[in-house]
Each structure stands twice: as C-alpha cells, then as structure tokens.
Amino acid sequence: MSEVRVRFAPSPTGFLHIGGARTALFNWLYARHHGGKFFLRIEDTDRLRSTDEAIEAILDGMRWLGLDWDRWEGGSGETVRQTERFDLYKEKVQELLEQGKAYPCYCTASELDERRKLAMKEKRIPRYDGRCRERSEPAPDLPFAIRFKASPDGKIVVNDMVKGQVTFESKTVDDLIIARSNGTPTYNLTVVVDDVAMGITHVIRGDDHLNNTPRQIQLYQALGYPIPKFAHLPMILGSDKARLSKRHGATAVQQYRDEGYLPQAMVNYLVRLGWSHQDQELFALDELIEKFAVEEVGTSAAIFNPEKLNWVNAHYIKTGKPEALIPPLLPHLEQAGLQKETLDFKALHRVILILQERSRNMKELAESAACYFLDDIPYDEKTKKFLNPESVPILQAVLKQLTDAPFEHNSLKAALETVCESMELKLAKVAQPIRAAVTGKVVSPGIFDVLETLGKEKALKRIDKQIALLTG
RNA sequence: GGUCCCAUCGUCUAGUGGUUAGGACGUUGGCCUCUCACGCCGAAAACACGGGUUCGAUCCCCGUUGGGACUACCA
C-alpha cells in the first residue's frame, strides 16, 4: 500500500486559526501532490472544551480556503469524530491493560497537581512518581485513570521529514494517562489508535507535537502497530516571537475573510511561511500542488507578517478577473449598503475594473465601489477643500461642456481639456472638484474613467447638485 | 528546572566549503501623473557570538547566547 494518507486533526475548542490552517494546507498539498487522501478528524475527546460551533467554524474555514477533504472509508460521515469512536479506544486500553502495558492509577487529579506544584517549588523535575505502577495491595474501591507503562530502556529515534533525526532517551518519557477516571480516552492514545485505524502514512503537524512523538511511538510499539512517517512543521509566531494569539490581531481564518482577504491570497501567503521554491513568491493552486514538498519545508519558526499578506492579497485583487471577484465582494458590498438584488452586475463589472488595481482588500474595494451605485452619496469632509465657491465656475463650465459629450473616455478627456484651455487651468484644478462632486471623495480612479463608469445621468446630477448647494 | 526544536536584511526566505550573500514584503529616493494607487528605476538593510575542521568557512562540528515548544485526568 503506497497511497499517501494524511489528516488534519483539530480539536474543536475554537475557530480555525492561522497555524491550524497552515498545517491543514500542508497536509492537503502533500496529499494532492501525491494523489493521496486527506482526511479531517475532529479530536473532541475533551467534551468539556469541544463545541459544535467550533466544529462548524473549522469546516467553514477549511471550505473557504478551498481545502477539500476526503471521506474516510471506515467512517460514517464526512469527517471522523473521535467521540463516536470510544468503543475502539476502550478496546485498545483494555488490550494494553491485559498485556500489562498499562495500569490503573488511583491518584486523583488534585493530588497529582499538588505533587507537581511541590516538585516545581523544590526545583525537582515534575513527573509522575510511578506510585501506582507496581501496586501490590488490593485495588481500592475508588475511581481510577489508566496509565501507560512507558519503557525506560534505550532511545527513541524519530526520523522526521523536516527536522531530521531526533533522538529521545526513553527514560524521559513519563507514564502518561491514556484514559481518564471518567473512562474517556486521552489525546496520545486516540491519535495513535486513529492514525493506525485510518491508515495514516504521514503525520504532518505542528512541531509543538514533536515532544509527544516519543510517547506516541511507544504506544505504537505497545499496540504492535507500524509507525508512520512524521513531519513536524515549525510554528507561526506573532510579531513579538510569541505564539500567535489574539493579542496579535486576527488569528481566525474567517476574520480575514470578513476583512476582505481572498482565500487564494491567504493560501499563497501561508504556504510561503516555512516553504519556498527558489525566489518565487506567487503560486497558482495547481502550481502549488505540483511543486510542494514537505521535505523542503524549513526548520525555523516564522513570524506572521500582515503587511506581506496585504501585498499578496492586493496582487490577487488586481490580477483577478472581475467576474471572479464578484462573489467574494458581495458580502462587503452589502456591508457598504448595496443590496445584491438591486445590483447592476454589468456596471459592477466595470467598477471593479477601475478599482481593482488600487484596492488592497475586498472591503476597501466595496467601500470605493458604493458611490457608483448609491443615489445619495456621502461626502467626505476632505471634499470641502475642492467644493467651495471658487470651484463653482469650474463645475458650471464642466457641466455645460459635458451635457453634450458622449460619456466615453476619449470624449470626456477632450471635453475636460476644452474646459482647461478656456479657463487656463491645469487639469488637476478641474479634475479635483469634479472628483469630489461625483464621488464624494478626494481620491478615486482617473477622472475620465470615473465619469465614464458612473454614467452621464448620475455624473451630471451630482455636479448640478453641488453647484446648487454652493450657490444656494 | 528537565527534554526537545530553532538561529541569513525589521519580516518571509534563496544560497554555496571560495558569491559584489540573491529575491520578496516593509522602509526610503526618483520617474510616471488629474487625486490615490498601480507600474517602472534606484537606495539603505543580514550570515547571533566564540572555538574548532580546512588553504579557505555564512555553509561542517562543538560550545555560548538568544528565542520557542513540551513538561495536564488539553489537544
């Protein structure tokens, strides 16, 4: 069986964050590159912290990024949920128990907690003292957790696809709890059992899991399982080199969507965090699938840089086809006060054409686009500089000249040049008042494009209205 | 504290036992110009430190320092 099978295994305790998205992306790319399978497994064994909202948020984020996942043959749904697999875990725990590879531990959580604190205080290494490991007295009638009996002998070597060979002394591996006293299994056990059950060939995850790997390898061995290949990806950090968190601004992938980022920009930005292909910065998705290799992923952590994301996003906006930009733009247009139902899509197409090269995100684009559709446009405070009594003659001349002009770039140019000549003014002197009058802003695309796009009716009406207001 | 990981411009990174250490974002000077962008041309900006190995180290090895992760009946 040479098929590549990977998985992304988030715990549904929150939204899909940047780090998780990158891990998912690398798994996805690896699977797609090798023509393998990419599964989504929800690690919800911690029932207290897992929520259905979080699961939905994660799936939503995955879909937005375009990371489609495969259905696991052995599962009943689109994703694998660990809470539906407790029977299997119990069976495996029982197996380990029967083989003497695990044992009940009667220490309570609070006792363990106290001992740990004491150890820290006395500067001892906080690790389980193994007091229940070799129990000779009869089992007390108390709740118990199950611990894995780690082997203290020898070394555990991880041949990591990104980190290279990493060696751990077996004796540093603690007797970890594999089942809680309430009977539910814990992460290190479920991850091993499921990865084997699902036939996972490559475990690609954040390097915060590197230290878990020796424990998991011991479990693989105890269960008589083959060990998959591992690839531990470097972390993504915030600007202060600390783990990315809310302090650094948006960490949820959805928030970037809401702020006007395009999924392909997000994907392109994320893939370059830790991976590169010579000097290339921009990659189309199919190109990524073709070129991506986990083996080429770098070893050091990367700092998330919103500025560069902005640049990538702007690139995809200015090079995108207007029709492709419309769907992701719609929610932002609604935010900007435009109803989808009343939108003139042909006009929108033209508006996008003149705005896309000067927009960094969809939100900006939508806000700039609004004035081409609204009947009553808001006027920026800054327009006062250009809309004053002095500009009235200019506006009047322009209005007169434009009344009979075809609203097409070259004719508009000729018309405004005529005004400039007759009034002995530079184009800037004429363009700014018009710009202010017709867009309500002091910056916009080129004035001829603006007028053409806006159309004669709206343009003249707005100029006329400003003249009226200023002379009124 | 213990274990493990990491170290090239501010940031993402390329790179090689001999290079003027390359690209990109950002910063910055200029050009273009009706505003703002875009675009174009230029500039500043890095091999953490100390030992080795070597004719020669940014590159290989060791150490130091500095970051990070893990050290839960979280995942």
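What follows walks through the domains, two of the sheets and the RNA-facing surface of a predicted model.

Start with the overall layout. The domain assignment cuts chain A into four pieces, and domain 1 is built from two stretches, 1–73 and 234–319. Domain 2 covers 85–190, domain 3 runs over 320–374, and domain 4 takes in 381–471. Taken over C-alpha atoms, the centres of domain 3 and domain 4 sit 23 Å apart. Where these two domains meet, seven residues of domain 3 are in contact with six residues of domain 4. On the domain 3 side of that meeting, five residues are nonpolar, two are charged and no polar ones turn up.

Now for the sheets. One of them is an open, three-stranded affair with parallel pairing, and its strand order is β1-β2-β3. Because β1 (5–8) and β3 (80–81) each have a single partner strand, they stand at the edges, and one side of each is left without a neighbour in the sheet. Strand β2, residues 37–42, pairs with β3 in the parallel sense over two bridges. Within this sheet, Arg41 stands opposite Val80 of β3. Helix α1 (residues 18–33) packs on the sheet and touches both β1 and β2. The direction of α1 makes about 160 degrees with that of β1.

Another open sheet of three strands goes the other way about pairing: its order is β4-β5-β8, and the pairing is antiparallel. Here the edges are taken by β4 (102–105) and β8 (177–179), each of which pairs on one side only. Neighbouring strands of this sheet are turned against each other by 45 degrees on average, direction ignored. Strand β5, at residues 145–148, is joined to β8 by two bridges in the antiparallel sense. One residue pair to look at is Arg147, whose bridge partner in β8 is Ile177.

That leaves the RNA. Around RNA strand B there are 66 residues, and those that come nearest are Ser11, Glu43, Arg180, Ser300 and Gly446. Several elements give two or more residues to this surface. Among the helices doing so are α4 (109–121), α10 (306–319), α16 (427–439) and α17 (447–454), while the strands include β7 (164–169) and β12 (302–303). As for make-up, the surface near RNA strand B divides into 26 nonpolar, 20 polar and 20 charged residues.

Notes:
Residues are numbered from 1 along each chain as its sequence is written. Chains are lettered from A and ligands numbered from 1 in the order in which they are written. This is a predicted model: local features need pLDDT of at least 70, side-chain atom pairs count only at pLDDT 80 or more; totals for chains, interfaces and linings use all residues. Two strands pair if DSSP finds at least two bridges between them. Helices (H or I, at least four residues) and strands (E, at least two) are DSSP runs, numbered from the N terminus. Axes are lines fitted to C-alpha atoms, for helices over the stretch in contact, and angles run from 0 to 180 degrees between N-to-C directions. A residue is near a molecule or strand if its C-beta atom, placed from the backbone, lies within 6 Å of it. Ala, Val, Leu, Ile, Met, Phe, Trp, Tyr, Cys and Pro count as nonpolar, Asp, Glu, Lys and Arg as charged, and the others, Gly among them, as polar. Domain bounds come from an automatic or database domain assignment.
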